[in-house]
Amino acid sequence: MNDVFIYDALRTPRGKVRDGALQRVTPIRLAAAPMRALHERNAFPTDAIEEVVLGCVVPFGEQGGDIARSAVLAAGYDPSVPGAHLNRFCSSGLDAVNMISGQIAAGQAGLAVAGGVESMSRVPMGSDQGAWVSDPRETFLTRYIPQGVAADLIATLRGYSRDDVDGYAVSSQQRAAAAQAGGHFDRSVIPVGDVNGVTVLERDDNIRPQTTKDTLGRLEPAFAKMTREQGYGERAKLAYPQLMRMSHVHTAGNSSAIVDGAAAVLLGSREAGERYGLKPRAKIRAWASIGSDPTAMLTGPTPASERALARAGMTAADIDLFEVNEAFAAVVLNVVDEMKLELEKVNVNGGAIALGHPLGASGALLLGTVLDELERRDLSTGLITLCVAGGMGVATIIERT
């Protein structure tokens, strides 16, 4: 099996949805931006790219069709370059990296691009109305509850209080603000322009450094009403009979922010890198995906991480930095507790609560974030993991070269 190297990783800023600057950019052009920047920064011949795979969670409307192929052409790559999109909900961008890594490891590709895109302002989450979340027959049979209710369920089962989740959210905002002020994102964030070439956004614009526990404490629970009125609490009890009552602790302030964004990662074999004069920044050590309980559907990161660690012959103690997608505060707290991690090693530059979660792009984006931070701190290993709607988890381990 060939070693798989990460040669570069770039992303757009994450742009807030309400009156956001990236709303002016079509999903195709948003996806193309980091792909074009990869080529400009690394000067590989575009016809050397043998595959492009992009995550996209809502491939509907402007994001419909095969947005990866559209982005290939919009980015100015050679027409011989193929493209495919995939959807495993929130982990799609990391799954794209893992899928490409498998092709390179098997000798079926030399140089390729993986990443993701989500224009959540132009194509709202849920626009595709999948049957599993919209057909009552299917939701009842699988004991489906919405993700926010599942996050409250996890908090209830683990005993996390409103103070716990709000405290974590404040930390995310503070870390993200400090990282942005310190230039920690500068290496990977590329400016995005509109159809006229005018730059519309240069840096993440969703961070709220003024956030405190007091300001968060004024927010109403986001998922209590739907739980009560649509019977999700009773459905949760079918799966967890020990549940007496559900604590509704998640709000808009301690859940991931809705944003637009795209990311692209340049991956390749050693031979391809030498052929095109590319210097590897890291290599892929292992990856894994797993299914988990579809009711408390956000518990997959721990078993996925453990599976990836086992494949790499490592333990959590061997990992220098962790990126755990901040879908909801309780998700991260749960991973920290289950894996016995030090919070000082987890999401050190903040996460999706502060910066936002552009669904299809987040996995690839987080890989680039942890790689930059490993280099900045002169550390070696990073683990990226995301919970996935429907009860799944995905994890990838990287190591600097």
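The legends below describe close-up views of a predicted model.

**Figure 1. The largest pocket of the predicted model.** The space within this pocket amounts to about 940 Å³. Its lining comprises 35 residues, and those nearest the centre of the pocket are Met125, Gly126, Tyr144, Pro146 and Gln147. Helix H4 (131-134) and helix H6 (147-158) each contribute at least two residues to this lining. Sorted by class, the lining residues are 22 nonpolar, 12 polar and 1 charged.

**Figure 2. The largest cavity and its lining.** The search of the whole structure returned 2 cavities of 30 Å³ or more. The largest cavity holds about 70 Å³ of space. Among the residues that line this cavity are Ala9, Leu10 and Arg11, together with His184, Phe185, Ser188 and Ala263. The lining also includes Ala364, Leu365, Gly368, Thr369 and Asp372. Strand E1 (5-11) and helix H15 (362-377) each provide at least two of the lining residues. The greatest contribution comes from H15, with 5 residues. By class, the lining of the largest cavity consists of 6 nonpolar, 4 polar and 2 charged residues.

**Figure 3. The second largest cavity.** About 30 Å³ of space is enclosed here. The cavity is lined by Arg14, Phe185, Glu323, Asn349, Gly350, Gly351, Leu355, Leu366 and Thr369. Phe185 and Thr369 appear in this lining and also in that of the largest cavity. The lining of the second largest cavity divides into 3 nonpolar, 4 polar and 2 charged residues.

**Figure 4. Surroundings of Asn98 in helix H3.** Asn98 belongs to helix H3, which spans residues 92-105. The relative accessible area of Asn98 is 5%, so this residue is classed as buried. When neighbours within four places in sequence are set aside, Asn98 makes contact with Trp287, Val394, Ala395 and Thr396.

**Figure 5. The buried residues of helix H2 and the elements that cover them.** In helix H2 (residues 67-74), the buried residues are Ile67, Ala68, Ala71, Val72 and Ala74. An α-helix has 3.6 residues a turn, so residues three or four places apart point the same way. The cover over the buried residues of H2 includes helix H1 (27-42) as well as strand E3 (51-55), strand E4 (83-86) and strand E5 (111-119). After H2 comes Gly76, which has a positive phi near 85°.

**Figure 6. Cys90 and Cys387, two cysteines without a disulfide.** A disulfide is a covalent bond between the sulfur atoms of two cysteines. The count of disulfides in the model is 0. Cys90 takes part in no disulfide, and the cysteine sulfur nearest to its own, that of Cys387, lies 6.0 Å away. For Cys387, the closest cysteine sulfur is in Cys90, and the separation of 6.0 Å is too far for a bond, because a disulfide requires the two sulfur atoms to be within 2.5 Å. Cys90 is buried, with a relative accessible area of 6%. Cys387 is likewise buried, with a relative accessible area of 1%.

Notes
Residues numbered from 1 in each chain as written. Predicted model: local features only at pLDDT ≥ 70, side-chain atom pairs only at ≥ 80, totals over all residues. Heavy atoms only, no water. 1 Å grid on protein atoms, 1.4 Å probe; cavity = no way out; pocket = protein on both sides within 12 Å on 5 of 7 lines; lining within 4 Å. Points joined across faces, edges and corners; volume = space filled by probe spheres on them. Helix = DSSP H or I, 4+ residues; strand = E, 2+ residues; numbered from the N terminus. Nonpolar A, V, L, I, M, F, W, Y, C, P; charged D, E, K, R; others polar. Buried < 20%, exposed > 50% of the residue type's maximum accessible area, 1.4 Å probe, protein only. Contact = heavy atoms within 4.5 Å.
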